[in-house]
Amino acid sequence: MIDLEHVTRKFGPFKAVDDLSFSVKKGEVLGFLGPNGAGKTTTMRMISGFLTPTSGTIKVCGIDVAEDPVAVKRVIGYMPEHASSYPDMTVLSFLNFIAEARGLFDSAKEKAVESIIDQISLHSVIYQTIDTLSKGYKRRVGLAQALIHNPEILILDEPTEGLDPNQKKEIRSLIRRIRENKAIIISTHVLEEVDAICTRAVIIDKGKIVLDGTPQSLLTKSQNRKALFFRLPEYQAQRGKAVFDEFPGLEKIETIETTDKTVLYRLTPVRQSNPVGDLVEILHRQNIEITDMYVEKARLEDVFYAYTSSEHETKVEQA
Amino acid sequence: MKPVLILTKREFFAYFATPAAWIFLITFLMLSALLTFYAGNFFGRNQADLQSFFLFHPWLYVLLVPAVSMRLWAEERRTGTIEMLMTLPFSTTELVLGKFLAAWLFIGLGLALTAPIWITVNYLGSPDNGVIIVSYLATFLIAGTFLSLGSCLSACTKSQMVAFVLTMTACFVLILLGSDTLPVLFSDMATEKTLKALRSFGFLMHFTSLTRGVLDLRDILFFVSFITLFLFGTIVVLDRKKAL
C-alpha cells in the first residue's frame with residue numbers, strides 16, 4: 001500500500017535519503033529504525049506529502065504523491081515527530097477541527113471525536129488548552145489527530161517518545177488493536193517496541209537501508225554481543241576469575257564493582273556465541289556460588305552499531 | 001469551497017484565543033479615532049463626511065496589518081504546527097485562501113467596529129452615505145492587499161519579527177509610490193514618464209479616488225489583482241519550500 005521507488009531527498013548538498021526503495025503491505029507494521037539523522041523523519045515526511053522528494057516516486061494506495069497529494073493525505077494518518085498541535089486550542093476544539101478537515105461533519109464528526117477520545121483516554125483533558133497538557137497527553141492528542149478518520153495508512157514518527165512506561169504500554173496495545181487492515185510505519189528508538197508491535201523491521205543509515213527483516217532477526221543480531229554479568233562471593237572471586245580467564249569464548253572480562261562481600265564481573269562474549277549455559281555449568285562444577293547473574297538487555301544502539309559502523313557491511317541483508 | 005471555510009473558521013477564532021486580538025482591535029479603534037479627531041480635525045472641518053477618518057487608514061495599516069499577517073505562516077513554521085496542517089487533506093491554495101480570509105475578516109471586524117463614527121456623522125449632519133460605503137470598501141481592499149503581501153512575506157520566514165519588518169517596509173514603499181514624496185526624491189534620476197508609471201502603482205492614488213466616492217472598476221481591479229498576485233506568490237513560496 002506504500003511503495004517507494006528510488007527515492008532521493010537532498011537538503012542542499014546533503015543527501016538525507018539516498019535511493020531508498022521499499023514497500024509496505026496491508027497488515028504490515030513496519031518498524032523504521034536508525035540512528036539520529038539517518039533519514040527516518042525525512043522519509044516519513046515525504047510519504048505524508050510534507051516534503052517532496054528530489055527524485056524517485058512514492059505511491060500510497062496506488063496514488064502518486066506528486067500527482068495527487070490531497071488524495072494521498074486523505075488516506076493517511078500522520079503523527080509528526082513533535083506532534084505539534086495548536087497550543088491555544090482546547091483538545092476538543094482541536095479534534096473537532098481535525099475531524100472537519102478530514103471531511104467528517106455533524107453526527108459523523110461527533111461519533112469520530114467521541115470514539116477517539118474513548119480510545120486514547122482523553123476524557124479528563126478535553127476542555128484544557130493543548131499548551132497546558134503534559135508531554136504524554138500532547139503526544140496522545142497527536143496520535144488522536146492521526147487516527148480520527150480511521151485511516152488505511154498510518155505513519156507515526158516516534159509515537160512513544162517521552163511517554164512513561166504505562167503510557168507506552170497503552171499506546172502499543174492500541175496500535176496492536178488497530179493494526180489489522182492497515183499499513184503502518186512506526187519510527188522508534190526502542191528495540192522492545194519493535195518486538196512488541198512490528199511485523200517487520202527496517203534499519204536505515206545515511207539514507208540507505210542496511211537491514212530489512214523480522215523483529216526476531218533483529219533481536220538475534222543484537223544479542224550477538226550481549227554482555228553477561230556475574231556476581232560472585234568475594235571469597236570465591238579469585239577462582240571464578242580464573243574460570244573466566246580460561247574460558248575460550250570471552251573477549252573481555254571486567255571487574256565492575258567490588259563490595260566487601262561480592263565482586264561483579266562483566267563478560268563480553270565473542271560474536272555469535274551464547275556461553276551462559278557453559279559458564280554456569282563450569283562454575284557449578286567447581287562449587288563456585290553464583291550470587292547473582294544477568295544478561296544485559298539488548299540495546300538498539302548495539303544493533304545500529306553492528307550494522308552501521310563498518311562501511312562494507314552496508315549491503316542489504318535479507319534476514 | 002468547504003475546506004477553505006473550515007480553515008477560515010479555525011483561524012478566525014484562533015485570533016481570539018489570545019489577548020493579542022483584543023489588543024489589536026482596541027489599538028485600531030483608538031488610533032483611528034485619535035487620528036480622525038485630532039490629526040484629521042473632524043469637527044474643525046465642519047463637514048458631514050468621513051474624509052478625515054479614511055484619510056489615515058493606509059498609514060494605520062502600514063503599522064497594524066503586518067502585526068496580523070506576520071503570524072500567518074511564520075508562527076506555524078516556528079512552532080512546527082505547519083507539519084500537521086500541511087499533511088491534512090487541504091491543497092496549498094485552500095490553505096492560503098483560508099488563512100488569508102480569516103485575517104481579512106478579522107480586520108473587517110475592526111472596521112465594522114468603527115460604525116459608531118458613521119452613525120455619529122449621520123446624527124450630526126447628512127453625509128453622502130454612498131461615498132462612505134465606497135470608502136469602507138476601499139479601506140477594506142487596501143487592508144486586504146497589505147495582508148496578502150504580508151502573507152507572502154510571512155511564508156518566506158520562520159521569524160515573525162522578520163515578517164513584520166519586511167511587510168511594514170514593503171507596505172510603506174507601496175504607499176509612498178503614490179504620494180508626492182517619493183517622485184520628488186527620484187526626480188533627478190527618472191524621467192517624467194517613469195515617474196508617472198511608478199505613481200500609477202502607488203496605492204494612495206487608487207485609494208483616494210475611491211474615497212472620493214468614485215466607484216471606478218479599475219481601482220477595484222487594481223487592488224484585487226494585487227491580492228491575487230500576492231496570494232499566488234504565497235502558494236509558490238509554500239510549494240517551493242517543500243522541495244528545498
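How many helices and strands does the secondary structure of chain A come to? I looked this up before anything else. The secondary structure of chain A comes to 11 helices and 15 strands. I note here that the model is predicted.

**Chain A overall**

I checked burial next. Chain A has 319 residues, and buried residues make up 52% of them. I then took the contacts in chain A with a separation of 6 or more; 69% of these are accounted for by residues 24 or more positions apart.

**The nonpolar cores**

I looked up the largest nonpolar core and found 146 residues in it. Which residues touch the most other members of this core? They are A:Leu95 and A:Phe97. I also noted where the largest share of the core comes from: helix H9 of chain B, residues 129-156, contributes 13 residues. Apart from this core lies another, of 15 residues. I list some of its members, including A:Ala237, A:Leu250, A:Tyr265 and A:Val276.

I went back to A:Phe97 for its contacts, leaving out residues up to four places away in sequence. In chain A, A:Phe97 touches A:Tyr86 and A:Met89. In chain B, A:Phe97 touches B:Ile6, B:Leu7, B:Arg10, B:Leu85, B:Leu88 and B:Phe90.

**H9 and H10 of chain A**

I took helix H9 (residues 234-246) and helix H10 (residues 276-285) of chain A as a pair. Their axes are 11 Å apart, and the helices pack at an angle of about 140°. An angle over 145 degrees would count as roughly antiparallel; H9(A) and H10(A) are therefore oblique to each other. I recorded the crossing of H9(A) past H10(A) as right-handed. From H9(A), the residues A:Gly240, A:Val243 and A:Phe244 meet A:Leu279, A:Ile282 and A:Leu283 of H10(A). By class, I have five nonpolar residues, one polar and no charged in this contact.

**H8 and H9 of chain B**

I repeated the lookup for helix H8 (residues 115-124) of chain B and H9(B). These two pack at an angle of about 165°, with axes 12 Å apart. H8(B) and H9(B) are therefore roughly antiparallel to each other. H8(B) passes H9(B) in a right-handed crossing. Which residues make the contact? On the side of H8(B) I found B:Ala115, B:Trp118, B:Val121 and B:Asn122. On the side of H9(B) I found B:Asn129, B:Ile132, B:Ile133 and B:Tyr136. I sorted the residues of this contact by class as six nonpolar, two polar and no charged.

Methods: Residues are numbered from 1 along each chain as its sequence is written. Chains are lettered from A and ligands numbered from 1 in the order in which they are written. This is a predicted model: local features need pLDDT of at least 70, side-chain atom pairs count only at pLDDT 80 or more; totals for chains, interfaces and linings use all residues. Side-chain values use heavy atoms; hydrogens and water are left out. A nonpolar core is a set of buried Ala, Val, Leu, Ile, Met, Phe, Trp, Tyr and Cys residues joined through side-chain atoms within 4.5 Å. Buried means under 20% relative accessible area, exposed over 50%, partly exposed in between (1.4 Å probe, protein chains only). Helices (H or I, at least four residues) and strands (E, at least two) are DSSP runs, numbered from the N terminus. Contact means heavy atoms within 4.5 Å. Axes are lines fitted to C-alpha atoms, for helices over the stretch in contact, and angles run from 0 to 180 degrees between N-to-C directions. Angles under 35 degrees count as roughly parallel, over 145 as roughly antiparallel, 65 to 115 as roughly perpendicular and the rest as oblique. A crossing is left-handed if the near helix is turned anticlockwise from the far one by less than a right angle, and right-handed if clockwise. Ala, Val, Leu, Ile, Met, Phe, Trp, Tyr, Cys and Pro count as nonpolar, Asp, Glu, Lys and Arg as charged, and the others, Gly among them, as polar.
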